[in-house]
Each structure stands twice: as C-alpha cells, then as structure tokens.
Amino acid sequence: MSEIRFDGRVAVITGAGGGLGRAYALLLASRGAKVVVNDLGGTFDGVGSDTAAAQKVVDEIKALGGEAVANFDSVSQWESAVKIIQTAVDHYGKIDILINNAGILRDKSLMKMEIEDYLKVMAVHLNGTFFCTKAAFAEMRKQNYGRIVSTASAAGVYGNFGQTNYGAAKMGIVGLMNCVKQEGARYGILANTIVPTAGTRLTATVMPPDVVEKVKPEYVAPLVAWLCSEQCDVSGNIFTAGGGYFSRAAVVEGPGVFFDPSREITVEMVVEKLDQIKSLEGGREFGSALEQTGYALSKLVSI
Ligand code: NAD
C-alpha cells in the first residue's frame with residue numbers, strides 16, 4: 001500500500017491548539033501538509049482567548065521540520081471564520097483540507113441550562129462549522145478539489161444527559177455535511193464527519209484521569225488523515241474513532257409498510273403494523289432526501 005501523504009496540500013484545522021486538533025495537525029504536517037493551526041485559546045467553556053495554544057503547536061510542527069502558521073480567530077462569527085480560511089490562502093495560496101474541530105462545552109440539564117449556554121455552544125460548533133465550511137468551499141470549488149472533515153459527537157448521534165445544546169449542535173453538523181456532500185460532489189469536494197472519543201481537557205470533566213491519559217487523541221487521527229487524503233473515496237459518511245476502535249455509523253431506514261392511500265388509513269391500522277414499521281430488518285441507507293422521498297412515494301405514484 002502506498003503511503004498516505006499530503007505533499008503540496010494545505011490544511012486548515014480549527015481548534016488545533018490542543019487535544020484532537022493538535023494530533024491531526026502534527027500527523028498531517030509530518031506527512032507533508034502545510035497547516036494553518038487555528039485556535040482561539042479560551043477556556044473549555046468558551047471564555048477568553050490566548051494566542052499561546054495555537055502558537056505552541058506551530059512551534060512543535062516547525063521543530064519537527066514541518067510547515068505551519070498560526071491563526072487566532074474565532075470560528076463562531078462569519079467575519080473571523082473568513083479570516084481563518086484567508087490565512088491559508090495568504091500564506092500558502094490555497095486550501096485543500098478543512099478539519100472543523102473547534103469546540104467548547106457548557107453542560108447542564110435542560111431545565112438548568114441558560115439560553116446563553118445554548119446559544120454559545122451552537123455558535124461555536126454549528127455556526128462555526130457552517131462559517132468555515134462556506135468560506136473554504138468557495139476556495140475549494142475554484143480548484144475542483146477539497147476535503148472537509150467535521151466533528152460530531154456520540155452525544156448528538158445517540159444522546160447524552162445534560163448536553164441538549166451540544167447534542168443539537170453536533171447532530172446539526174451531520175445534517176450540514178449531508179447537504180455539503182450533495183453540493184460538493186461536482187467539484188471534487190468530499191465532506192465527512194467524525195465521532196471521536198479521546199482523553200482531552202473536554203473529556204477530563206467526565207472521564208477519570210487514568211482513562212484520559214490512556215485514550216490518546218493520536219488514536220483518532222489516522223482515520224481523520226485518510227478522510228483528508230486524495231485516497232479518500234467516500235462522502236457524507238459518519239465514522240466513529242477512539243481508543244483503537246474504528247467504525248462507521250449511519251442513519252438506516254427500515255423497509256416499512258405501505259397502505260393503500262386511496263382508502264382511509266386509520267390509527268388502528270398503523271398500530272396493528274407497528275412491529276413491521278419499527279423493524280430495521282432489511283433496512284437501508286439513502287444517499288439523499290430525494291432518494292428517500294422517491295422510495296416513500298413509490299407505491300403512491302404507481303397506484
Ligand atoms: P479541546 O478542548 O482540547 O479542543 C478544542 C479546541 O477548540 C480548544 O483548543 C479550544 O481553544 C478551541 N476553540 C474553542 N472555541 C473556539 C473558537 N470559537 N474558535 C477557535 N477555536 C476554538 O477538546 P477536544 O476533545 O480535542 O475537542 C475537539 C473536538 O472534538 C470538539 O469539537 C469536541 O466537541 C469534539 N469531540 C470530542 C470528544 C472527545 O472524546 N474528546 C468526543 C466527541 C466530540
């Protein structure tokens with residue numbers, strides 16, 4: 001198998017001043033990518049800013065013989081997100097790879113959550129991913145090439161107590177990527193989503209210290225690197241990765257039941273068929289909303 005390399009490629013990694021983003025930056029740079037290390041440098045819950053985090057990772061990459069430049073803007077406003085992508089264009093002439101990774105947490109149960117905690121988490125995760133993706137897409141489209149990897153979470157895909165803001169933002173990112181997949185296809189732009197598990201300052205709030213130490217961000221990075229590579233041949237996929245475990249997750253729809261819509265469809269008819277309606281046996285993934293709607297209406301149209 002040929003080595004996966006990024007020579008001549010330019011990558012922007014948001015929130016790369018620590019944790020998972022740092023691991024991605026070091027891996028891509030070690031394989032030839034020129035990297036924009038973005039990080040606002042605030043606290044884990046999104047307060048303040050500090051240039052030290054991004055600069056430290058740039059220094060690390062350079063000390064290892066790699067090429068990188070720091071950017072300290074926030075992903076959460078359109079104007080500053082544009083500046084992040086522009087840093088790649090100004091320094092390296094283009095952007096080939098975007099990893100939407102920046103993130104914060106403001107966990108609280110629904111009843112205790114302040115509106116500000118909801119809005120702040122949405123702003124960094126969902127708005128930040130949208131803004132950076134939109135700005136990068138404009139550049140990628142010009143060159144008919146791009147790789148976008150965004151970051152969701154099991155909290156969104158499967159749910160978690162105390163994370164309604166975070167879960168909503170993270171599942172929103174999946175919806176965003178499903179649509180970017182459609183729009184990017186004709187320009188050679190692939191968009192995928194990673195659901196990571198790693199010991200970082202974010203998970204230090206919920207994982208015991210020895211687990212944080214063991215579940216290294218470096219265990220997630222190899223799959224992300226493949227998703228960023230020329231060799232990647234999938235788009236719109238969700239991958240889980242952490243602690244040596246790699247897998248694909250997907251939304252699957254069961255074959256369901258079809259009633260004749262020219263006759264009355266009663267509640268009792270639906271209840272009677274619930275086992276069949278709930279069953280995922282023989283289920284499938286749909287590549288687009290159009291495909292799913294086509295299936296759902298197939299019997300109606302043929303009646
Ligand atoms: P981390 O705190 O180490 O990294 C997040 C980085 O994003 C920080 O360095 C932070 O300064 C930066 N950041 C925050 N707000 C920013 C903004 N507005 N603009 C630019 N940078 C900003 O945590 P991590 O665990 O490495 O998280 C990386 C991503 O992975 C996040 O999106 C997180 O939600 C996601 N995630 C992590 C895990 C896990 O197990 N660690 C699980 C699921 C999802």
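A residue is called buried when its relative accessible area is under 20%, and the exercises below apply this cut-off to a predicted model.

**Exercise 1.** Decide whether cysteine 132 counts as buried, and find how far away the nearest cysteine sulfur is.

*Solution.* Start with the accessibility: cysteine 132 has a relative accessibility of 0%, and therefore it counts as buried. Next, take the sulfur atoms: the nearest cysteine sulfur belongs to cysteine 228 and is 14 Å away from that of cysteine 132. A disulfide needs two cysteine sulfur atoms within 2.5 Å, and cysteine 132 is in no disulfide. Cysteine 232 also has cysteine 228 as its nearest cysteine sulfur, at 8.4 Å, and is likewise in no disulfide; the structure as a whole holds zero disulfides.

**Exercise 2.** Find which helix gives the most residues to the largest nonpolar core.

*Solution.* Begin with the core itself, which has 38 residues, with Tyr24, Leu28, Val35, Val37 and Ile194 making the most contacts inside it. Helix H1, covering residues 19-30, gives the most to this core, with seven residues. Apart from it lies another core, of 35 residues, which includes Val10, Ile84, Tyr92 and Phe131.

**Exercise 3.** Identify the ligand atoms that the side chains of aspartate 39, serine 74 and arginine 201 approach.

*Solution.* First, an N or O atom in the side chain of aspartate 39 is 2.5 Å from an oxygen atom of the ligand. Second, serine 74 places a polar side-chain atom 3.0 Å from a ligand nitrogen, while for arginine 201 the partner is a ligand oxygen, at 2.9 Å. Finally, of the 820 Å² of accessible area that the ligand has on its own, the protein covers 95%.

Notes:
Residues numbered from 1 in each chain as written. Predicted model: local features only at pLDDT ≥ 70, side-chain atom pairs only at ≥ 80, totals over all residues. Heavy atoms only, no water. Core = buried A, V, L, I, M, F, W, Y, C linked by side-chain atoms within 4.5 Å. Buried < 20%, exposed > 50% of the residue type's maximum accessible area, 1.4 Å probe, protein only. Helix = DSSP H or I, 4+ residues; strand = E, 2+ residues; numbered from the N terminus. Polar contact = N/O pair within 3.5 Å; in protein donor to acceptor, adjacent residues only side chain to side chain. Areas by Shrake-Rupley, 256 points an atom, 1.4 Å probe, with all protein chains shown as cover.
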